[in-house]
Amino acid sequence: MTKQQLILLLVFIFSVIHLNAQYDIVYPTSESIRNQNCQKCFSAFQQKPKEVGFSIKRDGNNLYFVINDKKWFQLLFKNNTDGIAIDIVDKERYDCDMIFSSGGQIRGKVLKPIYAPRLKSTLKPYEGDRFRTLVGKLPAELIGKELEYNILFLGNKNLCNYYTIFNLPSYGFDLLDMGMYLDSIQYSNKKVASVEEGFKIKYKTLKFEIPFQKNKSEYQPKDIKPLYDSLNLTDFNIKTIDIKAYSSIEGSLERNLELQRQRANSIAKAMQSYQTPVIKTQISSSENWVEFLNDIEGTKYNDLKALNKSELKSKLVGAFSQEMEPILKNHRKAIITLALEKKDKYKKMKLGELVNTFNTELKAGNLEEASTIQNSLFNRLKYLENSPDLLQKMEIPEQLTYARYLNNRSMFKYELDDRQLLIVNNELESLLKLDPKNKRVKYNLVVLKFKIWRYNAQPIDEHKFKSEILELKKYGISQPLINRMLVNYHIIKSERYMRKRDYVNKDKSVAYINDNYKNVPLRDIDYFNLAQFLAYYANVDKAAALLTNKVRSIVINEDLLFYYLNLTLINKELTQTDDYRAVMLNAINLNKTKYCNLFDSPEKNGVTFQLLEDEYLRDTYCENCVE
């Protein structure tokens, strides 16, 4: 230990002792004394509904306690000697160049406690359904530093609970996408990424894995043949290609990444040679730590998981590297995702002319050609700023023969403008009278009714609606699709119970969803929505469990992986496991900057830098995030 480090450590120890002696806060010396003196405080926390939330917010140099439930606030601060003190923590405490000790409960500078009479007298409404009360002022010596604010909850002046505030990002969850039934069920394919929340992909996607040989950037023709064969069997052009190239972990990082870039570029060049239109290409490369750690689990090499990156690399040389080759060879590969756009012979035809051609073909009885034209028109309109009124110029007789085209037109009208919800619902109700057993129309009516119910556009009898969902089975709708609807049914039920503060029935609907989502085939956007839903209703452990099996795969969606980290980084039992190390290295490979930013303060949109109290997380952070 250097002289400077020793001085800093002594100053820290002295400040903690000094703070413990400050003010009139009583720090119980044993668990039995704490239990005795904090009985009422503990009782208030036991009665706290999961949905009650609180935090410390800074406004200028003032610090406020913010809460969303006034009734529980009154219960918590019932007696005059119940109160709050704020512990202001400076990020400099976790400097990687300092010797760190996580001993002691107080982590920073404790402000003078504020007790119930003053807390209640300054409690004011704040931003919608929340309330806030002043609890302190930022000391001058801490202004301009990266800070966090922990809460000491005091009962009868005794420290009863010490709370660190975690900033878990929230993205509005939605219903599971039920799609719309046109000629087949078509999903909207929304991206998980919140940055482009509304972006839709109109393309068919294909995913391939191509292996590479050690120290070579060329692929084997036989490995890429399945990809070519799939393309030759379709009438599609390649619109975009996303290549994630992975190297095995032995050797120089710089050499590994360069080799992977060469490999990815060789694949992109081969794909471009397949067609004339330019392919938009995205390439990323990284070392395949995730599959390495997964593959050595339970083998004689399992002890390697305890080594850090540099220690592992120094070991994987010479004869030992050769010994590990049967495992390492599986980690050199590229994961390729192609977005394919269907070739459209009507692509250059003007919209008005396209509508007229549709009308002509339909009148002539050329129904399949009319269907092709209708789909072309839909695809064109979806990505242009056009009014759905153009759809009404399609002259479709209201006859049984043309039910398919009437259904498609109505649902696409809603796709273009969801304000048409009730109009489209009425159109389909009329169409159902014309064709009472049409499963497409019945399915679409149920999809629309979900929207009507959720947004209170019309009164819905929830019991009759559930029967309608179950009756879809009679019309050939598959059970997994019905299961998806039943999950959505309970998502809406839980929202309605929550608005009524009916926590008991809300919990029953949440429990149904948690027990039954396994019966539904899920895409990434579905996993994301369900995890958000469960976390919103304070079922964080269940939300994390939902994602556990996905996050150790190198093909995990980046947003899903980081959302999982947000949910689990505060769980010390989990973060110190070998499995969790694979998850963190996966995140570092995908987006190192985003991973490191998790350890910023909530004011800088991090989770909390106090995660670095966990020495395992601090070691990983200092190894990967500090230059």
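**Exercise 1.** In this predicted model, find the sense in which strand 8 and strand 9 pair, and over how many bridges.

*Solution.* Strand 9 covers residues 158-163, and its pairing with strand 8 is antiparallel, over 5 bridges. One residue pair places the two strands against each other: Phe 153 has Asn 161 in strand 9 as its bridge partner. The connection is a hairpin with 2 residues between the strands. In the turn, Asn 156 has a positive phi of about 55°.

**Exercise 2.** Identify how strand 3 is joined to strand 8.

*Solution.* Strand 3, residues 83-90, runs antiparallel to strand 8, and 8 bridges join them. Within this pairing, Val 89 has Glu 148 of strand 8 as its bridge partner.

**Exercise 3.** Decide whether strand 8 is largely enclosed or not, and treat its two faces separately.

*Solution.* Buried here means under 20% relative accessible area. In a regular strand, side chains alternate between the two faces of the sheet. On one side of strand 8, Leu 147, Tyr 149, Ile 151, Phe 153 and Gly 155 are all buried. On the other side, Glu 148, Asn 150, Leu 152 and Leu 154 are buried too. That is 9 of the 9 residues in 147-155, so strand 8 is largely enclosed by the rest of the structure.

**Exercise 4.** Give the strand order of the open sheet of 4 strands and name the strands at its edges.

*Solution.* The order is 1-2-7-6, with antiparallel pairing. Strand 1 (54-59) and strand 6 (124-126) each have a single partner strand, so they stand at the edges with one side lacking a neighbour in the sheet. From one strand to the next, the twist averages 45°. Strand 2 (residues 62-67) and strand 7 (residues 130-137) are joined by 6 bridges, and Phe 65 has Thr 133 in strand 7 as its bridge partner.

Technical notes: Residues are numbered from 1 along each chain as its sequence is written. This is a predicted model: local features need pLDDT of at least 70, side-chain atom pairs count only at pLDDT 80 or more; totals for chains, interfaces and linings use all residues. Side-chain values use heavy atoms; hydrogens and water are left out. Buried means under 20% relative accessible area, exposed over 50%, partly exposed in between (1.4 Å probe, protein chains only). Two strands pair if DSSP finds at least two bridges between them. Axes are lines fitted to C-alpha atoms, for helices over the stretch in contact, and angles run from 0 to 180 degrees between N-to-C directions.
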